[in-house]
Amino acid sequence: MLIFPFWNLLFSQVSDLLNNPQFIRYTVSILVHPEKVSLSICVKFEQSVKNQLVADVDVGAFLSGGLDSSTIVGFMSLYQSQPIKTFSVGFPDERFDESPYALAASHRFGTQHEINISSETSTKLWYKFRSRGCILWFV
């Protein structure tokens, strides 16, 4: 699979990108076989998560309940024998509090979840969670 980010410095102009044979083959393959591309991305994503689980300490994740963090935690749960430690930050103002979504994802994947309702800065929270003795993924 080829990935051409829009900031790719190999192409000085859009016309260079559009005239590149690899880009054309990649684009055609997406249009003709989108299911193959989706499966390929899913397999690579799962393998990437699995590779990141190799550690001498517990591995945990911040879990917002959104698509990104929930997908990562879902894949993590496939390869961990113990419940994954997940953390989320809730806020007193319910308009900004996503902790109920994180809690739902936690229940779905059987994680050991901790919600911290706080108005502290993210830096202070980072050190608080880090002191718990696990590596955290930020998504």
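What share of the 139 residues in the protein chain is buried? In this predicted model, buried residues make up 29% of the chain. The chain contains 6 helices and 4 strands, and these elements follow one another along the sequence in the pattern α-α-α-β-α-β-α-β-α-β. Of the contacts in the chain with a separation of 6 or more, 66% are accounted for by residues 24 or more positions apart. The area exposed by the protein chain is about 9700 Å², of which carbon and sulfur atoms supply 59%.

The interior is considered next. In soluble globular proteins, nonpolar side chains tend to be buried together. The largest nonpolar core here comprises 12 residues, namely Val49, Leu53, Val59, Ala61, Leu63, Ile72, Val73, Phe75, Met76, Ile84, Ala102 and Ala105. Two or more residues are given to this core by each of the elements β1, α4 and α5, the last of which spans residues 99-109, and the contribution of α4, with 4 residues, is the most that any element gives. One of the core residues, Val73, is in contact with Ala61, Leu63, Ile84, Thr86, Phe109 and Thr111 when neighbours within four places in sequence are left aside; among these partners, Ala61, Leu63 and Ile84 are also listed as members of the core.

Another core member, Val59, is located in strand β1, which covers residues 59-62. Val59 has a relative accessible area of 5%, and because the cut-off for burial is under 20%, this residue is classed as buried. Although Val59 and Lys85 are 26 residues apart in sequence, their C-alpha atoms are 7.1 Å apart in space.

Lys85 also takes part in a polar interaction. Side chains of opposite charge can pair when their charged atoms come close. A search of the whole structure finds 1 salt bridge, in which the side chains of Asp58 and Lys85 meet with an N to O distance of 3.0 Å. Asp58 belongs to the loop between α3 and β1, whereas Lys85 belongs to strand β2 (residues 85-90), so the pair ties together parts of the chain that are 27 residues apart in sequence. Both partners are classed as partly exposed, Asp58 with a relative accessible area of 43% and Lys85 at 24% relative accessibility.

A further link between separate elements is aromatic. A pair of aromatic rings is described by the distance of the centres and the angle of the planes. The structure holds 1 aromatic pair, formed by Phe45 and Phe75 in a tilted arrangement, with 5.8 Å from centre to centre and 55° between the planes. Since Phe45 lies in helix α3 (residues 34-52) and Phe75 in helix α4 (residues 67-79), the pair ties together parts that are 30 residues apart in sequence. The two rings belong to different burial classes, because the range between 20% and 50% is taken as partly exposed: Phe45, with a relative accessible area of 34%, is partly exposed, whereas Phe75, at 13% relative accessibility, counts as buried. Phe75 is, in addition, one of the residues of the largest nonpolar core.

Nonpolar side chains also appear at the surface. Leu103, Ile115 and Ile117 make a nonpolar surface patch of about 230 Å². Within this patch, Ile115 is situated in strand β3, which runs over residues 112-117, and its relative accessible area of 32% places Ile115 in the partly exposed class.

Conventions
Residues numbered from 1 in each chain as written. Predicted model: local features only at pLDDT ≥ 70, side-chain atom pairs only at ≥ 80, totals over all residues. Heavy atoms only, no water. Buried < 20%, exposed > 50% of the residue type's maximum accessible area, 1.4 Å probe, protein only. Contact = heavy atoms within 4.5 Å. Areas by Shrake-Rupley, 256 points an atom, 1.4 Å probe, with all protein chains shown as cover. Patch = residues over 30% accessible without salt bridge, like charges linked within 9 Å, V, L, I, M, F, W, Y side chains within 5 Å. Salt bridge = Lys/Arg side-chain N within 4 Å of Asp/Glu carboxyl O. Phe/Tyr/Trp six-rings, centres within 6.5 Å; stacked < 30°, edge-to-face > 60°. Core = buried A, V, L, I, M, F, W, Y, C linked by side-chain atoms within 4.5 Å.
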